[in-house]
Amino acid sequence: MAEGRRILLIISGGIAAYKSLDLIRRLKERGIAVRCILTAGGAQFVTPLTVAALSGDKVYQELFSLTDEAEMGHIRLSREADLVVVAPATANILAKMAAGIADDLASTALLATDKPVLVAPAMNSMMWGHAATQANLATLEARGVRRVGPASGELACGEIGPGRMAEVPDILAAIDSLLDAGPLKGVRALVTSGPTLEPIDPVRFISNRSSGKQGHAIAAALARLGAEVTLISGPVRLADPAGVKTIHVESGREMLGAAIAALPADVAVCAAAVADWTVSNASKQKQKKQPGGAAPAIELALNPDILTTLSEQGPARPRLVVGFAAETETVVEHARAKRQRKGCDWIVANDVSPATGTFGGDFNTVHLITAAGDEPWPRIAKADVAERLAWRIVDALKGGG
Ligand code: CTP
């Protein structure tokens, strides 16, 4: 449990600083002690008095304040926490962190800390997309700094795009997974999700209507339980889940390549609706109408089966490989046969017959098919299917089941 743990929260200068006030309240409600550093920029958006009142502690602002240094030096400040959270993290503070600059209390504490650091970036989308910011983030992530967000949406500057600070529940989930050492701490998970897109030519493609909802929910649920999750997603209209490393791909071949590159993993969940066929005679140039109106012939070839390939990795095979099956009749028999054929450990079989309302809906009726047999689950929300599956994965990996 996170109760009794201590967080050093660094509030840097962004309009999203107001959300950090709510973050402090929610952390305190969970019994987590919060000590805050407010940068000079941060103090333009929220007052030290409000931060002090909510955190129930003194607010630290100055690097060379005699009283602060006498009471607690910046080194102690950064070490007496279990986790350092920078929210909002501006482009400026990320740049300082990447370069190792220590010119104020916040950046000095960040350089001096030996504790895990979580950043919640918040900035204008041009600043977020700038090569400098992206390079700084890559540097920080390579050093083990964890990130939550940013989300996409309307920004304070009136523009629309990525750059909004992650919402407080997402920051809390990221904090939980870092503090709690959740039941899947140390477990590497690989999840595929969404449709694939198979090009016919540079502007046309074959795809399907998969939304990615179920796969993304599974990735998020595994991350909430502490797993280090790589989500390989085809083109979807969903935000990247918080606390998950998301790799965007288009074709089935790209998805397979990304899945193999994400190994080793302890568990793989293949929830993607990979197109069964790819276009083997895709043209490099846009196809033009033929004189006389003859339609071009599209030749199809089987796409590689990612689930089967992962199941056949020999020593590199994840300990648990989970596939999905969409069935409309004799659900259990079909899914059992699919489990055998694909060599995976479990199949989550969706009953997609029209009476269930699964397609397009938020509910799902599934059977979990394992070596031990068939387990019918009640009709529950797709998010709950994800949660329940994640806990079954905990049992299997930790209980040896
Ligand atoms: N799968 C995969 N790679 C493919 C095709 C499917 O990884 N090229 C995975 C899916 O992610 C899913 C499972 O295999 O976990 C579904 O298998 P599939 O044979 O496509 O079955 P259904 O979609 O259920 O349909 P059907 O049996 O009618 O082919």
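This section describes the overall dimensions, two helix packings and several individual residues of a predicted model.

The protein chain contains 14 helices and 22 strands. Its C-alpha trace spans about 80 × 60 × 40 Å along the principal axes. Of the 401 residues in the protein chain, 50% are buried. The accessible surface comes to about 19000 Å², and carbon and sulfur atoms account for 55% of that area. Among contacts in the protein chain with a separation of 6 or more, 67% are between residues 24 or more positions apart.

Two packings of helix H1 were examined. Two packed helices are described by the angle between their axes and the distance between the axes. Helix H1 covers residues 17-29, and helix H9 covers residues 168-179. The axes of H1 and H9 come within 10 Å and cross at roughly 50 degrees. This angle is neither under 35 degrees nor in the range of 65 to 115 degrees, and H1 and H9 are therefore oblique to each other. The crossing of H1 with H9 is right-handed. On the H1 side, the contact is formed by Lys19, Asp22, Leu23, Arg26 and Leu27. These residues meet Val168, Ile171, Leu172 and Ile175 of H9. By class, the contact of H1 with H9 comprises six nonpolar and three charged residues, with no polar ones.

The second packing involves helix H2, which covers residues 48-55. The axes of H1 and H2 come within 9 Å, with a crossing angle of roughly 15 degrees. Because angles under 35 degrees count as roughly parallel, H1 and H2 are described as roughly parallel to each other. H1 and H2 also cross in a right-handed sense. In this contact, Leu21, Ile24, Arg25 and Lys28 of H1 meet Thr50, Val51, Leu54 and Ser55 of H2. The contact of H1 with H2 has four nonpolar, two polar and two charged residues.

Two residues of the contact between H1 and H9 were considered individually. Leucine 27 lies in helix H1 and is buried, with a relative accessible area of 0%. Leaving aside neighbours within four places in sequence, leucine 27 is in contact with Ile7, Ile32, Val34, Leu172 and Ile175. Of these partners, Leu172 and Ile175 belong to the H9 side of the helix contact. Leucine 27 and valine 274 are 247 residues apart along the chain, and their C-alpha atoms are separated by 41 Å.

Isoleucine 171 is found in helix H9 and is likewise buried, with a relative accessible area of 0%. Beyond neighbours within four places in sequence, the contacts of isoleucine 171 are with Leu23, Leu118, Ala120, Val148, Met165 and Ala166. Among these, Leu23 is part of the H1 side of the helix contact. The C-alpha atoms of isoleucine 171 and glycine 149 are 8.3 Å apart in space, while the two residues are 22 apart in sequence.

Glycine 149 also takes part in a cis peptide bond, which leads to proline 150 and has omega near 5 degrees. Proline 150 is placed in the loop between strand S6 (146-147) and strand S7 (151-154). A cis peptide bond also joins leucine 263 and proline 264, with omega about 0 degrees. Proline 264 lies in the loop between helix H11 (252-261) and strand S14 (267-270). Most residues other than glycine have a negative phi, and most peptide bonds are trans.

Backbone geometry was also noted at threonine 330, where phi is near 30 degrees, a positive value in a residue other than glycine. Threonine 330 is found in the loop between strand S17 (320-327) and helix H13 (331-342). At 43% relative accessibility, threonine 330 counts as partly exposed.

Another loop position is asparagine 124, located between strand S5 (117-121) and helix H7 (125-129). Asparagine 124 has a relative accessible area of 18% and is therefore buried, since the cut-off is under 20%. Not counting residues up to four places away in sequence, asparagine 124 touches Leu155, Cys157, Glu159 and Pro162.

Notes: Residues numbered from 1 in each chain as written. Predicted model: local features only at pLDDT ≥ 70, side-chain atom pairs only at ≥ 80, totals over all residues. Heavy atoms only, no water. Axes fitted to C-alpha atoms, helices over the stretch in contact; angles between N-to-C directions. Helix = DSSP H or I, 4+ residues; strand = E, 2+ residues; numbered from the N terminus. Parallel < 35°, antiparallel > 145°, perpendicular 65-115°, else oblique. Left-handed = near helix turned anticlockwise from the far one by under 90°. Contact = heavy atoms within 4.5 Å. Nonpolar A, V, L, I, M, F, W, Y, C, P; charged D, E, K, R; others polar. Buried < 20%, exposed > 50% of the residue type's maximum accessible area, 1.4 Å probe, protein only. Areas by Shrake-Rupley, 256 points an atom, 1.4 Å probe, with all protein chains shown as cover.
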